[in-house]
Amino acid sequence: MESRQYYSIRTGKNPHTKIDLPMLRRLFRETFLKFQREYYFQEAFGYYCVDDGDVPGTLGTDIEAEMFRIFRKPNLWPIDKNCLNYSEEDLFDIIEFIYDSISKPLKGRYHDFGSCGWHYSEFDKNVGREEFRSQINQLIRDYKDGFELSKNGMVLDSVENGLDILVKDDTIEYDPENVDSRIEKAILKFRRYHSSQDEKRDAIRDLAEVLEYLRPQMDNVLTKKDDKDLFDIANNFGIRHHNDRQKTDYNKRIWYDWMFYYYCTFQVSPLFIIFNLSYYSYLHSKALEYI
């Protein structure tokens, strides 16, 4: 459940709404310990039993070594002891790692000898992941410019207010192989943590190529000018082609974002463009005046 916003934050009168890294690490630790106390890591990390000793989980008997194998980094395990010293990259790695590892306990038995505790045998990974994702997103959305843990467990850059509908995870299924999966991969490539400018350019190109695939379906509703405008960015601004006719003298950090959301607009529903083309042709022409 999302926490309530109190007066000063709700009214915009609190200037301290952003979280820095030291505070994020502390808040993350408390979130981790909460799930640990409720046995959400027992399936992956195992547990200690007064009768059976250390009972390994799915990650095996040496979790520290397993984490080094995965991340090629020392000093990550145990999480509750080391997380207050994590770098930003370490913390985001571990957030994704926990998403992969967490599962909600469903059925088990209480071992009362020596107050040993609960030993669970059935778990639900999907519910555990969604509960963790909901709680962690309340923290990382207020760190720096904002981040989001996606439904597939990747830390992504947040989107600007009002643009989230363009990159939402639950768009209507249209063509899973040729359209939907390609759009999803392109969006993840662009938004994932520390994506490079080359990766962002490739993501824009991938979105444009989805529209290229849909182009024959638009022939009966697009004028030649509309069709030209739609692909002008991809074809003439260093996205799909590499030649001396390309216009590349622009701030890529700023304009790649604009290009990405411009093409995402047409991916919300692949045929959305047909009904809204006149408006977006105008938007395109106005934007190009500033490039």
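How many residues apart are D198 and R201 in helix 9? They are 3 residues apart, so about one helical turn separates them. Keep that pair in mind. I'll come back to it.

First, a caution. This is a predicted model. Mean pLDDT for the chain is 83, and 82% of the residues reach 70 or more. Confidence peaks in helix 3, at 98. Confidence is lowest in helix 12, residues 272-288, where the mean is 48. Within residues 273-283 the pLDDT drops below 50. That stretch does have 13 contacts in the model beyond near neighbours in sequence. Still, where pLDDT is low, the predicted coordinates should not be read in detail.

Now the inside. Nonpolar side chains tend to be buried together in soluble globular proteins. Here the largest nonpolar core has 36 residues. F28, I79, I94 and I95 have the most contacts inside it. Which elements give two or more residues to this core? Helix 2 (21-37), helix 3 (42-45), helix 4 (63-71), helix 6 (88-101), helix 7 (125-140) and strand 5 (147-149). Helix 6 gives the most, with 7 residues.

Look at F28 on the screen. Leaving aside residues up to four places away in sequence, F28 touches I79, C83, L91, I94, I95, I98, I136 and L139. Apart from this core lies another, of 27 residues. L214, L230, Y250 and W255 are among its members.

On to charges. Side chains of opposite charge can pair when their charged atoms come close. The structure holds 16 salt bridges. Take R69 and E66 as one example. Their side chains meet at 2.7 Å, N to O. Both residues lie in helix 4, 3 residues apart, about one turn of the helix. E66 has 22% relative accessibility, so it counts as partly exposed.

Back to helix 9, residues 197-218. D198 and R201 form a salt bridge, with the closest N and O atoms 3.3 Å apart. D198 is partly exposed, at 47% relative accessibility. R201 is also partly exposed, at 25%.

R205 and D202 make another bridge in this helix. The closest N and O atoms are again 3.3 Å apart. The spacing is 3 residues, so again about one helical turn. Is D202 buried or exposed? Buried, with a relative accessible area of 18%. R205, at 26%, counts as partly exposed.

These bridges are not isolated. K189, D198, R201, D202, R205 and D206 are linked in a network of salt bridges. That's the tour.

Methods
Residues are numbered from 1 along each chain as its sequence is written. This is a predicted model: local features need pLDDT of at least 70, side-chain atom pairs count only at pLDDT 80 or more; totals for chains, interfaces and linings use all residues. Side-chain values use heavy atoms; hydrogens and water are left out. A nonpolar core is a set of buried Ala, Val, Leu, Ile, Met, Phe, Trp, Tyr and Cys residues joined through side-chain atoms within 4.5 Å. Buried means under 20% relative accessible area, exposed over 50%, partly exposed in between (1.4 Å probe, protein chains only). Helices (H or I, at least four residues) and strands (E, at least two) are DSSP runs, numbered from the N terminus. Contact means heavy atoms within 4.5 Å. pLDDT is the predictor's confidence in each residue, from 0 to 100. A salt bridge is a side-chain nitrogen of Lys or Arg within 4 Å of a carboxyl oxygen of Asp or Glu.
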